[in-house]
Amino acid sequence: MTGTYLGMPSFPAAAAVSTQDTRLRANLTHATHTIRDKRAAAVAELPDWALLRQAGKEIKDRTLRHLDHYLLQAEAAVTAAGGTVHWAADAAEANRIVAGLVRATGEREVVKVKSMATQEIGLNEALAAEGITAYETDLAELIVQLGDDLPSHILVPAIHRNRGEIRDIFRDAMGRWGRPAPEGLSDRPADLAEAARLHLREKFLRARVAVSGANFIVAETGGLVVVESEGNGRMCLTLPETLISVVGIEKVIPTWQDLEVFLQLLPRSSTAERMNPYTSIWTGTTPGDGPQDFHLVLLDNGRTDTLADEVGRQALRCIRCSACLNVCPVYERAGGHAYGSPYPGPIGAILTPQLRGTASELDASLPYASSLCGACYEVCPVAIDIPEVLVHLREKVAGQGGHRAERAAVKAATWLLDHPAAYSAATRAAARTRRLHPRRLPLPGPAKAWSDTRDLPQAPEQTFRDWWKANRAEENTP
């Protein structure tokens with residue numbers, strides 16, 4: 001992954017700051033609770049939701065097992081339909097490809113459909129370094145861009161902002177990026193949406209190049225699919241002369257029949273809608289209709305390495321619905337910025353360390369950004385067992401020496417449990433000295449933050465072995 005988010009503190013350090021922001025916590029709590037309640041109602045309408053979820057999981061798993069086959073099939077179909085396919089091993093290569101394609105058109109600005117992949121590779125910053133301006137057209141992404149901010153949520157990137165903050169951002173920054181906000185702009189949602197509509201319309205009509213991501217690539221036809229709610233995607237995908245789509249290699253699915261499953265799973269899990277307002281599908285180029293030059297950039301950027309991990313690869317099933325964020329008690333309190341990645345929340349805690357590796361303090365901390373409550377797994381529409389992957393990644397981090405104290409503790413516990421006499425003596429000593437035990441562990445340094453919020457369990461008056469001898473031993477004597 002790109003270094004755009006690197007240099008940020010580890011998750012515990014960032015979360016220690018963000019959890020003190022009462023406005024942020026209020027915004028997140030209101031938004032996540034509203035979304036998850038609506039989602040629960042939408043999902044409950046389908047009696048076969050569990051079967052759909054299983055079908056989505058199996059389609060993704062089958063595709064990942066044969067990913068090489070389906071990617072080549074997709075490449076052939078896109079090429080046959082008049083498109084050009086580029087392969088990018090990492091973020092730097094993807095950015096070079098896109099910048100080169102834009103420069104070849106002679107243009108110096110592009111409009112963008114909301115895209116997690118382009119955030120992942122830091123495309124906007126890479127284009128800016130080449131003298132090319134990228135304009136975000138999704139309303140929430142526009143708010144983030146005008147506010148010189150970073151996304152805080154997969155589905156609603158500006159979830160951490162309230163209406164008053166958005167109004168102030170529009171008033172202060174819109175004029176620097178194009179058409180200024182109307183005089184006397186209020187914080188009414190309709191007024192804010194109208195200001196964004198007027199600001200963006202001139203960009204849609206002027207732009208000659210667009211950059212998009214895709215929710216899915218249908219291998220059998222080479223068709224790309226974008227699911228959205230505002231119509232900005234439709235404008236970007238039809239008006240410009242050149243369209244460049246940057247898509248992770250895991251987004252491919254085999255057939256149109258498979259797409260039908262995901263078009264039921266995704267809207268209900270993300271926006272709690274039975275069907276999303278706009279589903280845009282394009283296949284190559286058609287003379288006189290839509291962009292006349294189409295380029296597909298297939299992005300690896302750590303995905304092949306993730307695929308090689310038999311436990312961690314299930315993260316590649318993700319369809320970016322954000323349902324796991326909306327039920328996560330850690331995300332709700334810490335916010336998306338604390339994760340230091342375009343992918344926040346539970347899915348980010350398992351996807352980012354696999355795409356970027358765990359060499360940095362930030363990435364090594366992400367698998368620990370969870371209470372392991374399991375709520376994320378319960379709502380995932382493709383049944384990603386996020387707690388399982390979190391534990392798996394924690395083991396990896398510990399194995400590379402990232403948590404020496406934890407490794408030492410596990411080794412000591414292993415030895416103790418392997419020696420029954422020593423274990424019995426230790427538990428008996430703990431019971432007899434129970435009144436001398438501190439309420440909390442007096443740990444030094446960073447570990448103090450953990451111990452200060454957790455009381456030690458009180459030792460019983462006698463061990464289980466002693467209780468058994470006194471109360472049950474005779475009953476079980478033959």
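**Figure 1. The largest nonpolar core and its best-connected residues.** In this predicted model, the largest nonpolar core takes in 102 residues. Phe11, Phe170, Leu296 and Ile350 are the members with the most contacts inside this core. To follow Phe11 outward, set aside its neighbours within four places in sequence and look for Val330, Ala334, Ala338, Tyr339, Leu362, Ser365, Leu366 and Ala369, which are in contact with Phe11. A second core, separate from the largest one, has 21 residues, among them Ala88, Ala117, Leu127 and Ile132.

**Figure 2. Helix 8 against helix 9.** Here we look at helix 8 (residues 139-146) and helix 9 (residues 163-177), whose axes come within 9 Å and cross at roughly 75 degrees. That crossing makes helix 8 roughly perpendicular to helix 9, because angles of 65 to 115 degrees fall in that class. On the helix 8 side, the contact is made by Leu139, Leu142, Ile143, Gln145 and Leu146. Helix 9 brings Ile166, Ile169, Phe170, Ala173, Met174 and Trp177 to meet them. Sorted by type, the residues of this contact are 10 nonpolar, one polar and no charged. Phe170 may look familiar: this helix 9 residue is also one of those with the most contacts in the largest nonpolar core.

**Figure 3. Helix 8 in its surroundings.** Is helix 8 enclosed or open? Seven of its eight residues are buried, so helix 8 is largely enclosed by the rest of the structure. The buried residues are Ala140, Glu141, Leu142, Ile143, Val144, Gln145 and Leu146. Their cover includes helix 6 (116-121), helix 7 (123-129), strand 3 (133-136), helix 9 and helix 10 (189-206).

**Figure 4. Thr137, in the loop leading from strand 3 to helix 8.** Thr137 sits in the loop between strand 3 and helix 8. With a relative accessible area of 1%, Thr137 is buried. Which residues does Thr137 contact, leaving aside its neighbours within four places in sequence? They are Val111, Lys112, Val113, Leu200, Phe204, Glu230, Asn232 and Cys236. If you zoom out to find Glu378, expect a C-alpha to C-alpha distance of 33 Å from Thr137, with their positions 241 residues apart in sequence.

**Figure 5. The six-stranded parallel sheet and helix 5.** Six strands pair in parallel to form an open sheet, in the order 1-10-7-4-2-3. Strand 1 (84-88) and strand 3 are the edge strands, each pairing on one side only. On average, neighbouring strands in the sheet are turned by 25 degrees against each other, direction ignored. At the strand 1 edge, five bridges link strand 1 to strand 10 (residues 293-299), and the two run parallel. A handy landmark is Thr84, whose bridge partner in strand 10 is His295. Helix 5 (residues 91-105) packs on the sheet, where it touches strand 1, strand 2 (109-112), strand 4 (209-212), strand 7 (242-248) and strand 10. The direction of helix 5 makes about 145 degrees with that of strand 1.

**Figure 6. Strand 6 between two antiparallel partners.** Strand 6 (residues 223-228) is mostly covered, with six of its six residues buried. Both faces are covered: Gly223, Val225 and Val227 are buried on one side, and Leu224, Val226 and Glu228 on the other. Strand 5 (residues 216-218) runs antiparallel to strand 6 and is joined to it by three bridges, with Ile217 standing opposite Leu224. These two strands form a hairpin with four residues between them, and in the turn Gly222 has a positive phi of about 80 degrees. Strand 9 (residues 278-282) is also antiparallel to strand 6, through five bridges. In that pairing, Val227 stands opposite Thr279.

**Figure 7. Two loop residues with positive phi.** Neither Arg320 nor Ala383 is a glycine, yet each has a positive phi: near 60 degrees for Arg320 and about 55 degrees for Ala383. Arg320 belongs to the loop between helix 13 (303-307) and helix 14 (323-327). Its relative accessibility is 11%, so Arg320 counts as buried. Ala383 lies in the loop between helix 18 (375-379) and helix 19 (386-399). At 9% relative accessibility, Ala383 counts as buried too.

Methods. Residues numbered from 1 in each chain as written. Predicted model: local features only at pLDDT ≥ 70, side-chain atom pairs only at ≥ 80, totals over all residues. Heavy atoms only, no water. Axes fitted to C-alpha atoms, helices over the stretch in contact; angles between N-to-C directions. Parallel < 35°, antiparallel > 145°, perpendicular 65-115°, else oblique. Contact = heavy atoms within 4.5 Å. Nonpolar A, V, L, I, M, F, W, Y, C, P; charged D, E, K, R; others polar. Core = buried A, V, L, I, M, F, W, Y, C linked by side-chain atoms within 4.5 Å. Buried < 20%, exposed > 50% of the residue type's maximum accessible area, 1.4 Å probe, protein only. Pairing = 2+ DSSP bridges.
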